[in-house]
Amino acid sequence: MKFQSTRGQAAIVDGADALINGLAPDGGLYVPLVFPTIDFDWEKLQDENYLQIGQLILSTFFDEFSNNEITDFLKSAYRDFDDSKIVEIHQLDDKRNLLELFHGPTLAFKDMALSLLPYLLTAAVKKNGSSKTMVILTATSGDTGGAALKGFNDVPQTKIVVYYPSVGVSKLQRQQMTTADGKNTHVVAVTGNFDDAQKAVKNLLTDHRLAQKMSAASLGFSSANSINIGRLVPQIIYYVYAYAQLVKNNRLSAGEKLDISVPTGNFGDILAAYWAKKLGVPIGKLTVASNANHVLTDFFATGIYDADRSFQVTSSPAMDILVSSNLERLLFDIAGPKAVAAWMKDLTDKRRYQLDDFSLSRLQDSFNAAFADSKTTAQTIQETFQQNNYLLDPHTAVAVSVNKDFPSNRQQLIVATASPFKFAETVLKALGKESDNDPQMNLNLISDLSGQRVPLAISGLFDKKIIHTKKLAIKDLLTDLNEALGI
Ligand SMILES: *Cc1c(COP(=O)(O)O)cnc(C)c1O
């Protein structure tokens, strides 16, 4: 299996190099040179567990690894999940199914891929016979940082550098990042928002002078952001698994179409659903759910991507994004590398680009898009708790809310991307409850309300020692990184 850049100006590489590079040298993202398809046998797959389905998907995309290697990666990656099934499907009512992806070590769906990525990446480095230390440079809106720090904690031959925005992250997200105690971790709060941090990181990743200095010190960059193909492929697994489970539970008959709604920020999770559809999973419409930063809603309505607008800090911080990186992979699929390169140049130069009508109509064939503001999101949390006795986190609530805007006769899969425990203060407020100054107390309150125990992964988190206290401006990141790497 080979990979090409969405901008068409970089060499075609194998999976190992795509994993190691993260971003292609022309600034594009890696996509398969020939997109694979699988003839899914749902009768068989409904009895397979998550790891078995993982085996099928990973071996399709990363054929340079042996079956035994892939089995080992999967077993090790999901060993610490709180649930033996790894993901759960919760039936909200007769049509809506929530795909719970928050049973990993940091209680958000980022764990699904970031638990696996270190194994893929270190194996890729070995395969290429490189003795380099990989520097995993990560911009986070809150969840990627925690999950990457867990995944790469003390993994040999890696250093993990996390830049998170100083405003917007939840107390629990901050605590998860600032207490990361691996010897290979470096965590810094950055003044500005996620987009600023993401742009700064992209600039560092493509800084030639920095690359030379690193190379001389036997260091190489990679990325744990969803620009890395190693983030996306593991996310396909749960869509295939979910479809198989819905067949098993008689919610679907094999071949029947399933609609999917995804709370969306960087467009990684929903792109994985689109790729699952391309692979051959019977998926109907995909619904892009956004919060008050509704660049994507406007884009799918008008074909104009306009990032030149004010950034809103919302109750769903992991979706507070104005430039959705993975959209580029979708655009490549409908219009090819020339068009993508031109649009991305416009985005850099003018903060906007515009699709032609044909490309826009192709997007609209596959996708719905709408948004919910923080008020509607809070109402959805309250309503769903009252009517369905289920506590949603604010990100999932955005998707539940937006899903209602698109009535359909099909079964609905709504992706539940975070645990309500992770955003306890927001959830309590939505329910009209006072939250406590002590974040641990708020976890206990959520536990009482939901009837679920506080997840083991975060018990004791607020007693942990804070290790990372640095706060810097964007312009100081290059110096900071040089220092952190000792170059
Ligand atoms: C990252 C994240 C999202 C957005 O996912 P993308 O792949 O960036 O679109 C939604 N919800 C939660 C809880 C997240 O952590």
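This passage describes two annotated domains and the ligand site of a predicted model. Residues are numbered from 1 along each chain as its sequence is written. Local features require pLDDT of at least 70 and side-chain atom pairs pLDDT 80 or more, whereas totals for chains, interfaces and linings use all residues, and side-chain values rest on heavy atoms, without hydrogens and water.

An unreviewed UniProt entry places the feature "domain: Threonine synthase N-terminal" at residues 2–78; such annotations may be inferred rather than shown by experiment. This span is 44% helix and 12% strand (DSSP runs of H or I, at least four residues, and of E, at least two), and its end C-alpha atoms lie 27 Å apart. The feature "domain: Tryptophan synthase beta chain-like PALP" is listed by UniProt, also in an unreviewed entry, for residues 99–332. Helix accounts for 43% and strand for 20% of residues 99–332, with 28 Å between the end C-alpha atoms.

The ligand is surrounded by 15 residues, of which Lys110, Asp143, Gly265, Asn266 and Thr417 come nearest; a residue is counted if one of its heavy atoms lies within 4 Å. By class, this shell comprises six nonpolar, six polar and three charged residues, with Asp, Glu, Lys and Arg counted as charged and Gly among the polar residues.

Side-chain N or O atoms of Lys110 and Asp143 lie 2.6 Å and 2.4 Å, respectively, from an oxygen atom of the ligand. For Thr417, a side-chain N or O atom is 2.8 Å from a ligand nitrogen atom. Taken alone, the ligand exposes 380 Å², of which the protein buries 98% (Shrake-Rupley method, 1.4 Å probe).

Note on methods:
Polar contact = N/O pair within 3.5 Å; in protein donor to acceptor, adjacent residues only side chain to side chain.
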